[in-house]
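This report describes selected features of a protein model, covering helix packing, sheet architecture and model confidence.

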Amino acid sequence: MFPSRNPRRLVVTAAAAALLTVAPLGVPAAHAQVTRVRQGSATDAARSSWSGPAYTMNGSGGIVTATMTKAVNAIRGGTGAIDVVVVAASGTGTPECDVISPLTGVNSCTTLTLTTTADGNDSQVNTDVRNAEFVYFAGGDQCRYVAWKGTALEASVESVVAKGGGVGGGSAGHHVNSDVVYDACTASTTSATALGNPYDRSLTFTTGMFRWPNYAGTINDSHFVTRDRMGRTIAFVARAVKDGLVTGGKAWGVGVEEGASLFIDRAGRATLSGPSAYVVLGDHQPEVAASGQPLTYTNVKIWKLADGQSYDFANRPTCGYYLRSVRAGVPDASLYSGTPVTDCSSTPPPSGGSSYAEVEPNDSRSAANDISGSTFPVIVTGDMKSTSDRDYFSLTLGAGQTLTVNCAVPTAYDADLYLLSATGSTLTRSVNNGAGADESITLTRTASGSATYHLDLEAYAGSGTADYACTVAKS
């Protein structure tokens with residue numbers, strides 16, 4: 001369990017002083033001082049360019065090492081080291097930096113505890129943030145965070161992302177990183193309250209603070225399953241659509257469970273580490289959303305992500321969701337699970353082509369799925385159910401025909417692509433390294449007549465239920 005932010009004042013021992021610098025920043029006596037605690041190198045990393053942006057969206061306040069490591073590596077491009085700043089609005093402990101500092105590729109980690117709106121204009125605070133390559137908003141009270149809208153701090157955080165760094169947060173810090181922020185400035189709402197009256201005083205929002213690339217139209221929520229927040233997120237989405245808080249008439253709730261974290265790469269692809277996360281889409285006006293009346297909102301689209309699964313915020317999917325409704329404030333049963341009404345394996349094929357979803361078992365040439373009767377080009381989908389999984393597909397190729405195969409591989413695993421002869425000899429292969437690395441091959445049959453060939457997609461590392469999609473074309 002990640003330690004909570006410590007409300008007691010930090011005591012620094014002489015033994016720790018060599019690696020830890022604590023300095024109160026000068027502020028007027030009318031409020032508490034900004035506290036600055038730096039761990040690691042006293043000198044900032046210096047480099048002309050970085051490889052982000054990258055983001056971590058956490059369901060509870062603590063750091064999730066898996067996604068933080070991915071963010072650090074993405075930003076530094078695999079070499080060098082970055083500086084991290086943790087921004088908090090309460091407490092003087094350093095639980096986030098205690099986890100971040102030992103990670104490979106971290107030069108320093110500085111915790112800044114700001115207690116007033118004016119602290120967002122503190123010169124040292126903004127210098128630290130602008131010199132960092134990643135900013136993490138700690139848990140606490142998001143109403144304190146949105147108070148920094150319009151201060152120098154807002155622009156400083158945006159400058160970190162603009163230079164190829166990154167940003168993240170947990171719990172309250174997760175909330176503040178969405179396009180529309182549920183700020184809870186009057187009270188924290190529950191699902192029952194929000195569904196019973198979506199205009200209750202406890203439902204207040206802040207817009208126009210941060211809008212990260214590929215993340216427009218979002219409303220984040222945290223502690224999602226543990227605190228039963230699906231209902232209130234549906235209400236948030238309804239309010240965002242009804243009140244015009246988003247453009248295009250669509251809003252996406254992003255609910256992350258405690259202990260879970262979404263890592264979002266520079267291309268907008270979010271991959272989950274941990275128990276679960278949900279994307280909740282309202283793509284039409286709610287049937288009833290009025291002050292003092294229970295919400296009615298039907299056919300809300302919900303994507304459930306398990307550990308290792310992904311959601312593409314840059315190219316938001318139109319398949320893979322299940323539907324749930326709220327009628328007169330009463331939600332459907334089983335809000336947190338459902339059978340998708342559209343399987344992504346039935347994604348519309350290329351013009352003039354077709355699609356094919358793998359049928360297990362197809363783990364050998366003798367058990368290969370035969371796609372020779374498909375209309376080409378054909379999109380073949382499947383997944384790597386285990387680290388030793390192999391998926392075989394057979395087809396025929398005539399004299400002079402060229403076969404081209406392009407496979408989009410999800411970030412849950414690393415898979416390699418082979419083209420085999422009818423007898424199992426490898427004719428060509430694509431073995432790009434890394435989870436999510438796409439694979440492609442091409443081959444022209446120069447012999448006379450036709451022959452059978454086998455496509456073999458093999459798990460090299462990792463596994464998961466996220467689908468690969470291979471476009472198989474003959475010309």
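## Helix packing

Helix 3 and helix 5 cross in the right-handed sense, a crossing being right-handed if the near helix is turned clockwise from the far one by less than a right angle, and left-handed if anticlockwise. Helix 3 spans residues 123–131 and helix 5 residues 152–162; their axes come within 8 Å and cross at roughly 15°. Axes are lines fitted to C-alpha atoms, for helices over the stretch in contact, with angles from 0 to 180 degrees between N-to-C directions. Helix 3 is therefore roughly parallel to helix 5 (angles under 35 degrees count as roughly parallel, over 145 as roughly antiparallel, 65 to 115 as roughly perpendicular and the rest as oblique).

From helix 3, V125, N126, V129 and R130 meet A152, L153, A155, S156, V157, S159 and V160 of helix 5, where contact means heavy atoms within 4.5 Å. Seven residues of this contact are nonpolar, three polar and one charged. In this classification, Ala, Val, Leu, Ile, Met, Phe, Trp, Tyr, Cys and Pro count as nonpolar, Asp, Glu, Lys and Arg as charged, and the others, Gly among them, as polar.

## Basis of the model

The model is predicted: local features need pLDDT of at least 70 and side-chain atom pairs count only at pLDDT 80 or more, whereas totals for chains, interfaces and linings use all residues. Residues are numbered from 1 along each chain as its sequence is written, and side-chain values use heavy atoms, with hydrogens and water left out.

Helices (H or I, at least four residues) and strands (E, at least two) are DSSP runs numbered from the N terminus. The mean pLDDT, the predictor's confidence in each residue from 0 to 100, is 89 for the protein, and 91% of the residues score at least 70. Over residues 1–21 the pLDDT stays under 50, and the model has 41 contacts for them beyond four places in sequence.

## Two mixed sheets

One open sheet has five strands in the order 19-21-28-23-26, with mixed pairing; two strands pair if DSSP finds at least two bridges between them. Its edge strands are strand 19 (354–357) and strand 26 (439–444). Strand 23 (residues 402–408) runs antiparallel to strand 26, joined by six bridges, and V405 stands opposite I441.

A further open sheet, also mixed, follows the order 20-22-27-24-25. Strand 24 (residues 413–420) pairs antiparallel with strand 25 over four bridges, with Y418 opposite R429.
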